[in-house]
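The exercises below each pose a task and then work through a solution step by step. Please keep the sequence and the structure at hand while reading.

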Amino acid sequence: MYKIIKLQNNNDLNNFYLDITKMKDVRIRIGILVSYYKYKNTNLKNKNHPVFKTIEQNDFSFSVIYRSSTDTYEEILKVKKELEQFYLDKYRDQQPKITKNVLSFS
């Protein structure tokens, strides 16, 4: 069973990444992606993987947006591309929220 996970920056809705997995617990897959991001900062030559743009902001959320009993990767890849286009169209006019971490002792 394939699942499509959506990782999305909480401040910029246009900054998202869709990932396909067969793992039962998607939190493990997210942990792998975050570990891969931390590893890439020190060791990898290719530092331009699309998921890094979302993870590097350190303010992201994730959810399973699609579950399938499809057995072929080609079919789930087609669904992923359709969902990417859907979210690109949906968030096209959204502006990033500018948030500042304010610490006050007054």
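**Exercise 1.** Determine which residues are linked into a cluster by ring pairs, and find which lysine lies over the face of Phe16.

*Solution.* Step one is to collect the rings: in this predicted model, ring pairs join Phe16, Phe86, Tyr87 and Tyr91 into a cluster, and the structure as a whole holds four aromatic pairs. One of these pairs is formed by Tyr87 and Tyr91, whose ring centres are 5.9 Å apart and whose planes make an angle of 20°; since planes under 30 degrees apart count as stacked, this pair is classed as stacked.

Step two is to ask how accessible these two tyrosines are. Tyr87 has a relative accessibility of 11% and therefore counts as buried, and Tyr91, with a relative accessible area of 10%, is buried too.

Step three concerns the charge placed over the rings. Lys6 lies over the face of Phe16, at 5.9 Å from the ring centre, and Lys6 also lies over the face of Tyr87, where the distance to the ring centre is 3.7 Å.

**Exercise 2.** Establish how the buried residues of helix α3 are arranged around its axis, and state what covers them.

*Solution.* Begin with the helix itself: α3 comprises residues 73-90, 18 residues in number, and spans 25 Å from its first C-alpha to its last, which is close to the 26 Å expected at 1.5 Å a residue. Next, list the buried positions of α3, which are Ile76, Val79, Lys80, Leu83 and Tyr87. Viewed down the helix axis, the buried residues fall within an arc of 105°, so they line one face of α3.

The face turned away from this buried side carries Glu74, Lys78 and Lys81, which are exposed. Finally, the cover over the buried residues of α3 includes the strands β1, β2 and β3, the last of these being residues 60-68.

**Exercise 3.** Compare the surroundings of Ile4 with those of Asn15, and decide for each residue whether it is buried or exposed.

*Solution.* Take Ile4 to begin with, a residue of strand β1. Because its relative accessible area is 0%, Ile4 is buried. Leaving aside neighbours within four places in sequence, the contacts of Ile4 include Leu18 and Ile20, Val64 and Ile65, and also Ile76, Val79, Lys80 and Leu83. The C-alpha atoms of Ile4 and Leu83 are separated by 9.4 Å, although the two residues stand 79 residues apart along the chain.

Now turn to Asn15, which sits in the loop between β1 (2-9) and β2 (16-21). The relative accessible area of Asn15 is 6%, and the residue is therefore buried. With neighbours within four places in sequence again set aside, Asn15 is in contact with Leu7, Gln8, Asn9, Lys53, Thr54 and Gln57.

**Exercise 4.** Describe the protein chain as a whole, stating which pattern its secondary structure follows along the sequence and what percentage of its residues count as buried.

*Solution.* The chain has three helices and three strands, and reading along the sequence gives the pattern β-β-α-α-β-α. Of its 106 residues, 31% count as buried. Among contacts with a separation of 6 or more, 62% come from residues 24 or more positions apart. The last step is the surface: the chain exposes about 7,700 Å², of which carbon and sulfur atoms supply 49%.

Definitions and conventions. Residues numbered from 1 in each chain as written. Predicted model: local features only at pLDDT ≥ 70, side-chain atom pairs only at ≥ 80, totals over all residues. Heavy atoms only, no water. Helix = DSSP H or I, 4+ residues; strand = E, 2+ residues; numbered from the N terminus. Buried < 20%, exposed > 50% of the residue type's maximum accessible area, 1.4 Å probe, protein only. Contact = heavy atoms within 4.5 Å. Expected span 1.5 Å × (residues − 1). Arc of directions from axis to C-beta. Areas by Shrake-Rupley, 256 points an atom, 1.4 Å probe, with all protein chains shown as cover. Phe/Tyr/Trp six-rings, centres within 6.5 Å; stacked < 30°, edge-to-face > 60°. Lys NZ or Arg CZ within 6 Å of the ring centre and 35° of its normal.
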